[in-house]
Amino acid sequence: MTQLLLGIAPEWIPTLDNFVAGRNVELLAALRHALAAQKGERGLYIWGETGSGKSHLLQAAVECARASGQSAVYASAAVPEVAQVVALDAVEKLDESAQIALFALYNRLRENGGMLLISGSAAPIHLKLRDDLRTRLGWGLVYQVQALSDEEKALALQQHAEARGFILPPEVTQYLLRHGRRDLPALLVVLDALDEHCLRLKRGASVPLLKEVMQMAKQDGGA
């Protein structure tokens with residue numbers, strides 16, 4: 001049986017424009033303002049549950065900064081090199097030495113006017129990090145990324161399908177939302193797999209084909 005490569009990342013690039021804001025309109029506006037500013041508040045910490053869109057926002061910020069001619073870098077659970085815009089995902093996973101390196105990077109960017117964008121699983125006060133680092137993460141703007149409603153997820157799925165160039169019938173979207181995992185990244189992976197399956201069979205997206213995709217995913221997961 002053909003193996004379904006569900007681990008392949010989506011082909012589209014996360015941007016601020018294709019982020020479905022939902023209840024995060026203020027956060028998105030603050031991020032855009034911080035990226036456009038040449039001085040003032042340039043530190044931003046975001047937190048939220050898995051799948052809420054934290055990684056999308058960080059990667060989108062890096063793309064936005066690069067498009068404007070700034071040097072920018074993204075890293076997950078690791079401290080990257082210095083750039084004008086630095087985005088660090090999953091700060092709670094840093095070990096002791098990495099936390100020390102981040103503390104130094106924070107001070108350097110603050111002195112030189114760079115931007116530091118960090119995400120975590122909880123608000124700064126609840127992170128199990130060094131006291132000095134945890135304190136500094138709370139100095140800048142802090143926002144909780146609010147998870148999307150089912151209606152907002154449906155919109156995100158539709159936009160993703162359009163970006164990949166295939167038609168997503170409403171009944172397929174509703175079935176996926178009812179029977180798929182709750183977090184948006186997992187739903188997008190299934191959607192990508194459905195697209196690949198449809199292309200392979202030269203058929204349009206349908207609930208029966210989605211069921212096949214989800215069943216094959218279960219079989220691959222149990223292998």
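The exercises below work through a predicted model of one protein chain, each with a solution in steps.

Residues are numbered from 1 along each chain as its sequence is written. Because this is a predicted model, local features need pLDDT of at least 70 and side-chain atom pairs count only at pLDDT 80 or more, while totals for chains, interfaces and linings use all residues, and side-chain values use heavy atoms, with hydrogens and water left out.

**Exercise 1. Confidence and overall make-up**

Task: Describe the confidence of the model and the order of helices and strands in the protein chain.

Solution: Begin with pLDDT, the predictor's confidence in each residue, from 0 to 100. Its mean over the protein chain is 89, and 91% of the residues reach 70 or more. Residues 1–10 stay under 50, and for this stretch the model has 16 contacts beyond four places in sequence, where contact means heavy atoms within 4.5 Å.

Next, take the elements, which are DSSP runs numbered from the N terminus (helices: H or I, at least four residues; strands: E, at least two). The protein chain has eight helices and five strands, and along the sequence they follow the pattern α-β-α-β-β-α-β-α-β-α-α-α-α.

Finally, consider the chain as a whole. Its C-alpha atoms fill a box of roughly 55 × 35 × 25 Å along the principal axes. Of the 223 residues, 48% are buried, a class that means under 20% relative accessible area, with exposed over 50% and partly exposed in between (1.4 Å probe, protein chains only). Among contacts with a separation of 6 or more, 65% join residues 24 or more positions apart.

**Exercise 2. The sheet**

Task: Work out in which order the five strands lie in the sheet, and which residues stand opposite one another.

Solution: First, set out the order. The five strands form an open sheet, β2-β3-β4-β1-β5, with parallel pairing; two strands pair if DSSP finds at least two bridges between them. The edge strands, β2 and β5 (141–144), each pair on one side only, and the twist averages 15° from one strand to the next.

Second, go through the pairs. β2 and β3 are joined in the parallel sense by five bridges, and A75 stands opposite L88 in β3. Between β3 and β4 (residues 115–120) there are four bridges, again parallel; here A87 stands opposite L117, and V86 has L116 as its bridge partner. β1 and β4 pair in parallel over five bridges, with I118 in β4 as the partner of Y45.

Third, add the helix. α2 (residues 54–67) packs on the sheet and touches β1 (43–47), β2, β3 and β4, its direction making about 160° with that of β2; axes are lines fitted to C-alpha atoms, for helices over the stretch in contact, and angles run from 0 to 180 degrees between N-to-C directions.

Fourth, check the cover on β3 and β4. In β4, six of six residues are buried: M115, L117 and S119 point one way, and L116, I118 and G120 the other. In β3, V85, A87 and D89 on one side and V86 and L88 on the other are all buried.

**Exercise 3. Two residues compared**

Task: Decide whether E81 and A154 are each buried or exposed, and find what they touch.

Solution: Start with E81, which is found in the loop between β2 (72–76) and β3 (85–89). E81 counts as exposed because its relative accessibility is 53%. Leaving out residues up to four places away in sequence, E81 touches V73 and V86. Its C-alpha atom is separated by 8.5 Å from that of L105, 24 residues apart along the chain.

Turn then to A154, in helix α5. A154 is buried, since its relative accessible area is 16%. Beyond its neighbours within four places in sequence, A154 is in contact with T173 and L177. The C-alpha atoms of A154 and D195, 41 residues apart along the chain, are separated by 16 Å.

**Exercise 4. The largest pocket**

Task: State how much space lies in the largest pocket, and which elements line it.

Solution: First, fix the term: on a 1 Å grid over the protein atoms alone, a pocket is an open set of points where a 1.4 Å probe fits, with protein on both sides within 12 Å along at least five of seven lines, and lining residues have an atom within 4 Å of a point.

Second, read the volume, which is about 910 Å³; a volume is the space filled by probe spheres set on the points, and grid points are joined across faces, edges and corners.

Third, list the lining. It comprises 41 residues, of which G51, G53, S55, H56 and P185 lie nearest the centre of the pocket. The elements giving two or more residues are α2, β2, β4, α5 (150–164) and α7 (184–201), and the largest share, five residues, comes from α5.
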